[in-house]
Amino acid sequence: MTMTTTTSQGSVAPADEGAFRRRAQDFLAANAQRKAERGQDSAPRSLEPESAAEIEESKRFQAALMDAGLGFITWPREAGGQGLTGRHLEIFNEEAAAYELPIGIYQIGHGMCAPTILEFGTPEQRATHLPDLLRGSRIWCQLYSEPGAGSDVASLQTRAVRDGDEYVVNGQKVWTSGAHYSDFGILIARTDPEAPKHRGISMFIVDMRTAGIEFRPLRQITGEANFNEVFFTDARIPAANLLGTENDGWRLAVALLMNERVAIGAAGEGPSHGGSAPLIRLARATGQIDDPVVRQGLADVYTRETIMRFIGLRIRAAQKAGRAPGPEGSLAKLAGAVLARRSSDLAIRIAGAAGQAWDSEEAAGSRWSMSVLSAPAHAIAGGTNEIQRGIIGERVLGLPKEPAVDRDLPFKDLRVGTER
Ligand SMILES: Cc1cc2nc3c(=O)[nH]c(=O)nc-3n(C[C@H](O)[C@H](O)[C@H](O)COP(=O)(O)OP(=O)(O)OC[C@H]3O[C@@H](n4cnc5c(N)ncnc54)[C@H](O)[C@@H]3O)c2cc1C
């Protein structure tokens, strides 16, 4: 099969499209489980952090995906990707929609860290980290949020002080997804407290097994424990792990956040329970498929997920054309969070009492209640809905910027976050 029939607009010649689709179908049939086989409509979700066996399954799958030429489909070949079009990616996603792909642990590494290293890393950093990162043999996390710095992450207080060929890091991060199983992380820390808050931050690659890094898992309202507090106590990071230049980390941090919103919003997934298809099955199974209010809700969810898919296509086409992700990432992220809320509300309406209390062996109810309990996370992770609306207001609608009286003052003179 030749992949040379693509055009710069990202369209795919029909013959190539068919061959690529068959390759994806063959790979998925041989390597992934269909959602229906796993009984996805009723599968209870594990409440414990990912087990070693689940992580191994993810690593096996990602390595096979790369070997089959189906990983990082739109990434340039010289960076380890396949150099194909957004249409190829969409074909793969269409086929993959019916399968349970064990790649959730790579959302941060692949969606955020890899593009950041590709864009800002030195040739040595790229050569050291990208191959293992893309292949999935190393898992990455994102160390941004702190107890006093979430939406206003530029108020972060974690310090990194240069000492010869190393930086010494002290401080605390929070909500660090997957820190408990990650090999590396991307950290932002303050390197110049004399500078205004956005201008004294640097970004680092951190080996999570460095002495002086400890983590403590946090349990969520769902009962799961997916994220952590991470403590840095005199942790020493090689200066060679600085990404970009010292004190220029905010620019890189914003670029990573843009990629994060794209990764979350444009993945085409939306709600954690899989969108309208399982809701339609639930409505049929409970005899409510002809109820006009239920039908209206299903049409709303279907319409929103279709719009999200189009936003995702637009973003990927722009990326393929070499444009950095812009505020459309915020549109996609916000659309996904609203869709998650609408569809989980509808799910619980259709499931009725069965979505709130169920026999221990009958897991269908737990699924719908989990989707309701996890919906608020979509509206917070990667920047809250209010923050996305602010970005859209300023950068898409051209509304005046929020006043920021602390923007030009030295950080050391501010009372921020936990100091207030
Ligand atoms: C599932 C999940 C996974 C996460 N994973 C990670 C991770 O891996 N790494 C990481 O670093 N962080 C992670 N986070 C943290 C996440 O980025 C922050 O929770 C988020 O940015 C909000 O910050 P905060 O919790 O401090 O809330 P705050 O910033 O304190 O916000 C509180 C409320 O005030 C509102 N608000 C704040 N500022 C404004 C404003 N300017 N205008 C209007 N309203 C405003 C917010 O919308 C919110 O409703 C994760 C969060 C979740 C839920």
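## Two cysteines in the interior

Cysteine 113 has 0% relative accessibility, so it counts as buried (buried means under 20% relative accessible area, exposed over 50%, and partly exposed in between, with a 1.4 Å probe and protein chains only). Cysteine 141 is also rated buried, because its relative accessibility is 0%.

What is the disulfide count here? It comes to 0, where a disulfide is a pair of cysteine sulfur atoms within 2.5 Å. For cysteine 113, the nearest cysteine sulfur belongs to cysteine 141 and is 7.3 Å away. Seen from cysteine 141, the nearest cysteine sulfur is that of cysteine 113.

## About this model

The structure is a predicted model: local features need pLDDT of at least 70 and side-chain atom pairs count only at pLDDT 80 or more, while totals for chains, interfaces and linings use all residues. Residues are numbered from 1 along each chain as its sequence is written, and side-chain values use heavy atoms, with hydrogens and water left out.

## Around the ligand

Let's turn to the ligand. The shell around it holds 18 residues, and Ser151, Trp175, Ser177, Thr384 and Glu386 come nearest (a residue is near a molecule or strand if one of its heavy atoms lies within 4 Å of it). By class, the shell has 8 nonpolar, 8 polar and 2 charged residues. Here Ala, Val, Leu, Ile, Met, Phe, Trp, Tyr, Cys and Pro count as nonpolar, Asp, Glu, Lys and Arg as charged, and the others, Gly among them, as polar.

Which parts of the chain supply this shell? Strand β5 (166-177) and helix α11 (385-396) each give at least two residues, and β5 gives the most, with 3 residues. Helices (H or I, at least four residues) and strands (E, at least two) are DSSP runs, numbered from the N terminus. Domain 2 (140-247) and domain 3 (266-383) each contribute at least three residues to the shell; these bounds come from an automatic or database domain assignment.

## Polar contacts with the ligand

Some atoms pair up as polar contacts, meaning N or O atoms within 3.5 Å; within protein, one must be able to donate a hydrogen and the other to accept it, and residues adjacent in sequence count only if both atoms are side-chain atoms. A polar side-chain atom of serine 177 is 2.7 Å from a ligand nitrogen, and one of glutamate 402 is 3.2 Å from a nitrogen of the ligand. Tyrosine 144 uses a backbone N or O atom, 3.0 Å from a ligand oxygen. On its own the ligand exposes 980 Å², and the protein buries 65% of that (areas come from the Shrake-Rupley method with a 1.4 Å probe; for residues, only the protein chains shown count as cover).

## Two helices to explore

Helix α3 (residues 86-96) is largely enclosed by the rest of the structure, because 8 of its 11 residues are buried. Among them are Leu89, Ile91 and Phe92. At the N-terminal end of α3, threonine 85 acts as a cap, with a side-chain oxygen 3.2 Å from the backbone nitrogen of arginine 87.

Helix α9 (residues 328-351) contains serine 343, which is buried at 0% relative accessibility. The side chain of serine 343 reaches the backbone oxygen of alanine 340 at 3.4 Å. Serine 344, in α9 too, is buried at 1%, and a polar atom of its side chain lies 3.2 Å from the backbone oxygen of arginine 341. Arginine 342 also lies in α9, but at 38% relative accessibility it counts as partly exposed.
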